Each structure stands twice: as structure tokens, then as C-alpha cells.
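Open the model in your viewer and keep the sequence panel beside it. The stops below give a selection to make and then what is found there.

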Amino acid sequence: MKQKSDFEWDSAKDQINQDKHGVSFALAQLAFLDQKRVILEDLDHSGIEKRYYCLGKVAGGIMTVRFTYRLHKIRIFGAGYWRKGKKIYERENKIHG
């Protein structure tokens, strides 16, 4: 029996993201496994559908994953290691650098 994934993404966007930010969406899934992850609603880009950020530790850094929920799946459409996400993650988890 084939395991159904809780994640999905557009393969062309995944390739663009890898070229631009050096992060694959397959790797980005790992941010959701961080027990200290932070989920925030993207109020600037939640028009037709609500969009979110997941901030989580992946491969020694804090990754920001942009996503939405579609048909009970997490649809990833952007990911990278961005300073703003790291600052919010550290603030929410009270980590002092």
C-alpha cells in the first residue's frame, strides 16, 4: 500500500526555489518536524486563500517555509533560510544569540 504524503508542491516552483534559494521543497518538509516550530499566518498575502509561514530548524539553520492548506494537504510554495524568520523563531523560543 502506498503511503500518502501530507505535503505537495509544484515541481517547477520547487526547481525555481532550488535555483534561487538553494532549498528543495523535499528538504523544507523537515521544518514541520521541529517541535519548537513556529506557524504564522501571512497576513500580507492571504487573499484568495490563507497563507502561512512555518519557521523550523533544518540542517542546523532556521528555515522559513511558505505554505497553504489545500484539500487537507500542506502545499509548499517557497522556502529558504531568511534572517527575518530566524529572528522570529528565536524570539518565540526565547533563544538569545
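Begin with the whole chain and a surface display. Buried residues make up 35% of the 97 residues. Keep in mind that this is a predicted model.

**Whole chain**

Colour by secondary structure: the protein has three helices and five strands. Followed from the N terminus, the elements come in the order β-α-α-β-β-β-β-α. The radius of gyration is 13 Å, which agrees with the value near 13 Å that a compact globule of 97 residues would have. Along the principal axes, the C-alpha atoms fill a box of roughly 45 × 30 × 30 Å.

With the surface on, about 6900 Å² is exposed, and carbon and sulfur atoms supply 52% of that area. Now select the charged side chains. There are 19 positive and 12 negative charges, and the mean positions of the two sets are 3 Å apart. Of the contacts with a separation of 6 or more, 41% are between residues 24 or more positions apart.

**Helix H1 and its two ends**

Select residues 11–21, which form helix H1. Add aspartate 10 at the start of the helix and show side chains: one of its side-chain oxygens comes to within 2.8 Å of the backbone nitrogen of alanine 12. Go to the other end and pick glycine 22, just after H1, where phi is positive at about 70 degrees.

Now select asparagine 17, which is in H1. Is asparagine 17 buried or exposed? Its relative accessible area is 6%, so asparagine 17 counts as buried. Show what surrounds asparagine 17: setting aside residues up to four places away in sequence, it touches Gly22, Val23, Phe25, Gly78 and Ala79. Glycine 22, the residue with the positive phi just after the helix, is thus one of the contacts of asparagine 17.

**Strand S2: valine 38 and leucine 40**

Move to residues 38–41, strand S2. Two residues of the strand are worth selecting in turn.

Valine 38 lies in S2 and is buried, with 9% relative accessibility. Beyond residues up to four places away in sequence, valine 38 touches Tyr53, Cys54, Leu55, Tyr89, Glu92 and Asn93. Draw a distance between the C-alpha atoms of valine 38 and asparagine 93: it is 8.6 Å, for residues 55 apart in sequence.

Leucine 40, also placed in S2, is partly exposed at a relative accessible area of 27%. Which residues does leucine 40 contact, leaving aside neighbours within four places in sequence? They are Arg51, Tyr52, Tyr53, Leu55 and Ile88. The C-alpha atoms of leucine 40 and isoleucine 88 are 9.9 Å apart, with their positions 48 residues apart along the chain. Tyr53 and Leu55 are on the contact lists of both valine 38 and leucine 40.

**The loop between S2 and S3: glutamate 49**

Next select glutamate 49, in the loop between S2 and S3. Glutamate 49 is partly exposed, at 21% relative accessibility; the cut-off for buried is under 20%. Apart from neighbours within four places in sequence, its contacts are Thr68 and Arg70. Where does the side chain of arginine 70 come in? It is joined to the side chain of glutamate 49 by a polar contact of 2.8 Å. To threonine 68, which is 19 residues away in sequence, the C-alpha distance from glutamate 49 is 7.5 Å.

**Two loops with positive phi**

The last two selections concern backbone angles. Most residues other than glycine have a negative phi.

Select alanine 59, in the loop between strand S3 (52–58) and strand S4 (61–70). Alanine 59 has a positive phi of about 50 degrees, though it is not a glycine. With 73% relative accessibility, alanine 59 is exposed.

Then select histidine 72, which sits in the loop between S4 and strand S5 (73–80). Its phi is near 65 degrees, again a positive value in a residue other than glycine. Histidine 72 is exposed, at 82% relative accessibility.

Definitions and conventions. Residues numbered from 1 in each chain as written. Predicted model: local features only at pLDDT ≥ 70, side-chain atom pairs only at ≥ 80, totals over all residues. Heavy atoms only, no water. Helix = DSSP H or I, 4+ residues; strand = E, 2+ residues; numbered from the N terminus. Rg over C-alpha atoms; globule rule 2.2 N^0.38 Å. Buried < 20%, exposed > 50% of the residue type's maximum accessible area, 1.4 Å probe, protein only. Contact = heavy atoms within 4.5 Å. Areas by Shrake-Rupley, 256 points an atom, 1.4 Å probe, with all protein chains shown as cover. Lys, Arg positive; Asp, Glu negative; His and termini not counted. Charge placed at Lys NZ, Arg CZ, Asp CG, Glu CD. Polar contact = N/O pair within 3.5 Å; in protein donor to acceptor, adjacent residues only side chain to side chain.
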